[in-house]
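Reader: I have a few questions about how the terms are applied here. Can we go through them one at a time?
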Number of protein chains: 4
Amino acid sequence: MNDLIKHFNLNVDLAVEARDLVRGDTGQEIQGVEEQVEQMEHIKITTITIKDPQAVQIMGKPIGTYVTIESPPLKINDPYVKDEIIEAIVKSMEILLNKRLSPQDTVLLIGLGNWHATADALGPKFIEYSPITRHYAQYAPEALVEGMRPVSAIAPGVLGITGLETYEVVKGIVDNVKPALLVVVDALAAQNVERIGNTIQMSNTGIQPGAGIGNAREALNEDSLGIPVVAIGCPTIVNAAIIAHQAVQRYCREEGAFFNDAQASNSVKEVLSFFGGSLQVTPKEIDDIIENTSRIIAMGVAQSLFPGISSEQLELYAT
Amino acid sequence: MNDLIKHFNLNVDLAVEARDLVRGDTGQEIQGVEEQVEQMEHIKITTITIKDPQAVQIMGKPIGTYVTIESPPLKINDPYVKDEIIEAIVKSMEILLNKRLSPQDTVLLIGLGNWHATADALGPKFIEYSPITRHYAQYAPEALVEGMRPVSAIAPGVLGITGLETYEVVKGIVDNVKPALLVVVDALAAQNVERIGNTIQMSNTGIQPGAGIGNAREALNEDSLGIPVVAIGCPTIVNAAIIAHQAVQRYCREEGAFFNDAQASNSVKEVLSFFGGSLQVTPKEIDDIIENTSRIIAMGVAQSLFPGISSEQLELYAT
Amino acid sequence: MNDLIKHFNLNVDLAVEARDLVRGDTGQEIQGVEEQVEQMEHIKITTITIKDPQAVQIMGKPIGTYVTIESPPLKINDPYVKDEIIEAIVKSMEILLNKRLSPQDTVLLIGLGNWHATADALGPKFIEYSPITRHYAQYAPEALVEGMRPVSAIAPGVLGITGLETYEVVKGIVDNVKPALLVVVDALAAQNVERIGNTIQMSNTGIQPGAGIGNAREALNEDSLGIPVVAIGCPTIVNAAIIAHQAVQRYCREEGAFFNDAQASNSVKEVLSFFGGSLQVTPKEIDDIIENTSRIIAMGVAQSLFPGISSEQLELYAT
Amino acid sequence: MNDLIKHFNLNVDLAVEARDLVRGDTGQEIQGVEEQVEQMEHIKITTITIKDPQAVQIMGKPIGTYVTIESPPLKINDPYVKDEIIEAIVKSMEILLNKRLSPQDTVLLIGLGNWHATADALGPKFIEYSPITRHYAQYAPEALVEGMRPVSAIAPGVLGITGLETYEVVKGIVDNVKPALLVVVDALAAQNVERIGNTIQMSNTGIQPGAGIGNAREALNEDSLGIPVVAIGCPTIVNAAIIAHQAVQRYCREEGAFFNDAQASNSVKEVLSFFGGSLQVTPKEIDDIIENTSRIIAMGVAQSLFPGISSEQLELYAT
């Protein structure tokens, strides 16, 4: 699998999957990586902390904390499960922020991705469902419920549509608006189809736009922007190369045939033809999945940023 | 492969691929199936005619003519290639209609698919780019260029959104509007990723909505509707099961391993997890592909239905 | 005003406004028209019943019952007001249906209007927020909560986009689906700007698509379709001619000048230039108004059609 | 009228209308304001130059050049008229830029307005139809036609949706991207309905977002951004107060009644109720008008920025 990932210049977006890839079949602990699992009634929360440069090297992900919320298959929109996920998002925000956000601090929400492409619209949809208050705070404070902080939001689009790097857009806004926190939401790629729509990852390490598509570009993180960045993502696709490769590997294991990793990568490449690593696998119901997940993330983040305000009232401030 | 198709209840939408599956590696002729190939400067046109019930059985497709227009990879939007495709659509319409449409006959366009899901929006987008004239013919004939026929159009949505079978919607409109011809456009599934966005199939056999997703529902064809139906489709997805299966098969061939078809289908099924046959593979650029292809089909159909009227003028009647 | 309405071929969509126009300044009762007013905590419900052909002539509206729900200005989205409106919709549905709908009867929802034009998108948005169950009832009854009836829905678009009369589309579907009830939602025109977004009218008299724009076309009502039709509408525009005319009239009254109705209509016509009666007045925030109102109507109708099922669960069936 | 404009805090977006308001019925020249008129076959081009601070005071608009392209009513989409408009846009760009743009200079396009509100979506739609090349210039120069400059684009949304001032977003991007020119497109308000969809104004004076709605906010102009700014706008609405006021004035003139301006403003205000100056008048066909106008402006700007490249090729770079 690691060969394939290099071959197609793929990105491992989820820390729990990076851990699985490193561990392989051994299941042993990884030096410099801490892990904690909490099982709630419906959902499971895994907190992975990457602690030192050596672990960064091994895991291929920056130092920091990664919280993964996993819900039962296709159950994310079940009212009971949903409430637990929202609760988990609020709690994880607290852990990741670590008291670095004061009640009146300004927050900027960024919804990454392409609103014209269903599976990539998670970020823009998150923005749509999030309460926006900064303009009221400025021009009509009486329209706010007491204690509401200023929150603004933008979906900067993707390089292929705007010709602008996400960093160029976001950096400029941060410099002018001077928020105390950035919350960035983006669609992720998973290694396993069963994660699509069932997993939410939250981290304090920022995000590298377009990382999954093989163009290393300037990251959105505390180093580059000078403020804490909470990145929230949900897998909405699996690369087709990975699925094809998994099928070959599983076939070999089950059929008792020898598995030649390099040859497998090669066969996969031929099947994918000239589209190569740009082929994505999504469930037919991806539009519903995006819709539900973006709403849930928006509600969780809103309840974290506006504690004590009912979700009905918060909805009044969504655009 | 045939096992896999049964296993996941997949549909082979393209006649040229059905032919390839039947022929297998032998390449021999199929009884009751005629084929003609024409090579233009940039594109290739293959006309397959299924002539008798035995051929229907073998090919798994109804009696009739299937024209397949294949353009070079990723070149469909090249101005030269585009003009050739539009020309080929006009010519194919003529062959499929076989003089059964008079110059003043009313035509109804149907854009199948879900406008909320990028890869399924080909039909609705086709409608958006098509000139609509029937209301002018009725209420303001002076707004039409001399000789324009009445054309109306609807995108009936999908069962999952409306709770209505496509047939229920279309049959009702046909009964009330009494068009002389139905042109139905829908996104198709291919067996090979390289066909995505590069192939257009036109047939006079009608269409079975949702066929590819395993629910046999009432067809839109001359039998069920009482008027000629030209179906136009373009592959926008490949089922993930097919890609995974192809990778296993190719690996076995190239690695010299024995290929156990049943075991391959089984391994694929396990990899696809609970999503099963509903996982679709699309290129990342699927929104551009849908945009371009729907425009080209709309232009080709418009030039066929309104001969002698310039594309600039036709655009004035698009909504 | 009556001159102006004839002059521009305008339609008086709201029964309460038709009543006001008939009454003029006298305020006296109208023969054959009954009226009942109920004041709830936040909202006011007026029920007007047109009882005989003479009243039809005077009021310019068909025999039947018209319930008008009026909420305080700009308060429709206030949680308390919202709950009261939803309650009023449920109660009014009961009155209008008069026990003619059994618990398992199929219902068809129709969202009239143009989804590309903000102020006209009320109907299509209503469809988007309504729970759709008929396909589950047919193919996966286990996915439904016990007792959920089959509901389907379509937004047929407008004549100018499809070239199809609404009646042609709806009649066909009704013939094929055979619902026991049609619920039709459409944006209305008001005579007073303060009604925009604050008034909901429900009636059992059906609806005449495009009536407000001067093209008398086949109505959607029990006569034409053979099943009960509940029409629900909310004013989203006022015709610009009406506002201009009101300003002239008010100016004359306040300035003590003589008011020449014919000359006023004429001056208004000149100001409106070649656009004439097609100029519409909307508040800048019309997109929010449409969003909120369509959601509230969808919730009210859903709670009426699926009694005893929570709004959280109903939302799971919205598309 | 001037009273009314103050009363409702309205903005006069078009220089030709500001001139008419200043001149009133006298038609005399305005000190410090130069005007030149050119009549082409179908369209009329008026160039107004505001030359000194006193003229700024009188006209209520900054120093600079304002080119107004007027086409015959409802004819903007006629192929012949369209070509003339595009030609006029190219020529006006040249005049406004005055050789300050070199062939390889980077250009940033800004589409102001709210994409959720039909009449305000001119700017975002302009972006959609504009060729974007900067990312190719950076990552895949071989995908560009020889000589294509880097162009990027963003539609920053409106304050009410993002909580961000347009200036905050644009200033940041300009600082990071360092373009040599900003082209800003926005929907304008006119004083006369016959201008809706028939007038395009281009100026080198920049733009004041939200100016028409009464919130003076930081302008986008050469002073604030440090680079030349070409602002392009097209009236898509008229304020309802203006239409009502015009009707009163015209009525008084035609009826021979005394016109009391203050009382007229007052009557208008009462008719507009609590919506006040936020009521907008648009033709029912505003979605088509926005569609056509945004395309024409995009084509004109594209042909100006990419001289010698065919419109068919330029369309390949639009998103």
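Author: Start with contact: it means heavy atoms within 4.5 Å. By that rule, six residues of chain D are in contact with six residues of chain B. Keep in mind that this is a predicted model.

Reader: What area do chain D and chain B bury between them?

Author: About 720 Å², with 49% of it on carbon and sulfur atoms. On the chain D side, D:Pro79, D:Glu312 and D:Leu316 lose the most area to chain B, together 54% of what that side buries. The residues of that side divide into two nonpolar, one polar and three charged.

Reader: How many salt bridges does the rule find across the interface of chain D and chain B?

Author: Zero. The rule also finds zero residue pairs in polar contact there, with both residues at pLDDT 80 or more.

Reader: What makes the pair A:Glu270 and B:Arg250 a salt bridge?

Author: The cut-off is 4 Å, from a side-chain nitrogen of Lys or Arg to a carboxyl oxygen of Asp or Glu. The closest N and O atoms of A:Glu270 and B:Arg250 are 2.7 Å apart, so the pair qualifies. The count between chain A and chain B is two salt bridges. Across that interface there are also 23 residue pairs in polar contact, both at pLDDT 80 or more.

Reader: Which elements of chain A supply the side that touches chain B?

Author: α10 (240-255), α11 (261-272) and β9 (279-283) of chain A each supply at least two residues. The largest share, 11 residues, comes from α10(A). By type, the side divides into 24 nonpolar, 12 polar and eight charged residues.

Reader: And what is the buried area between chain A and chain B?

Author: About 4000 Å², of which carbon and sulfur atoms give 64%. In contact are 44 residues of chain A and 44 of chain B.

Reader: Why are β9(A) and β9(B) called paired?

Author: Pairing needs at least two bridges. β9(A) and β9(B) have five, in the antiparallel sense, so they count as paired. One of the partnerships joins A:Val281 to B:Val281.

Reader: Why is strand β6 of chain D called mostly covered?

Author: Buried means under 20% relative accessible area. In β6(D), residues 181-190, 10 of 10 residues are buried, so the label follows.

Reader: Which strands pair with β6(D), and over how many bridges?

Author: β4(D), residues 107-111, runs parallel to β6(D) over five bridges. There, D:Ile110 has D:Val184 as its bridge partner. β8(D), residues 229-239, also runs parallel to β6(D), over nine bridges. D:Ala189 stands opposite D:Ile237 in β8(D).

Notes: Residues are numbered from 1 along each chain as its sequence is written. Chains are lettered from A and ligands numbered from 1 in the order in which they are written. This is a predicted model: local features need pLDDT of at least 70, side-chain atom pairs count only at pLDDT 80 or more; totals for chains, interfaces and linings use all residues. Side-chain values use heavy atoms; hydrogens and water are left out. Buried area is the accessible area (1.4 Å probe) that two parts lose on being put together, summed over both. A polar contact is a pair of N or O atoms within 3.5 Å; within protein, one must be able to donate a hydrogen and the other to accept it, and residues adjacent in sequence count only if both atoms are side-chain atoms. Ala, Val, Leu, Ile, Met, Phe, Trp, Tyr, Cys and Pro count as nonpolar, Asp, Glu, Lys and Arg as charged, and the others, Gly among them, as polar. Buried means under 20% relative accessible area, exposed over 50%, partly exposed in between (1.4 Å probe, protein chains only). Helices (H or I, at least four residues) and strands (E, at least two) are DSSP runs, numbered from the N terminus.
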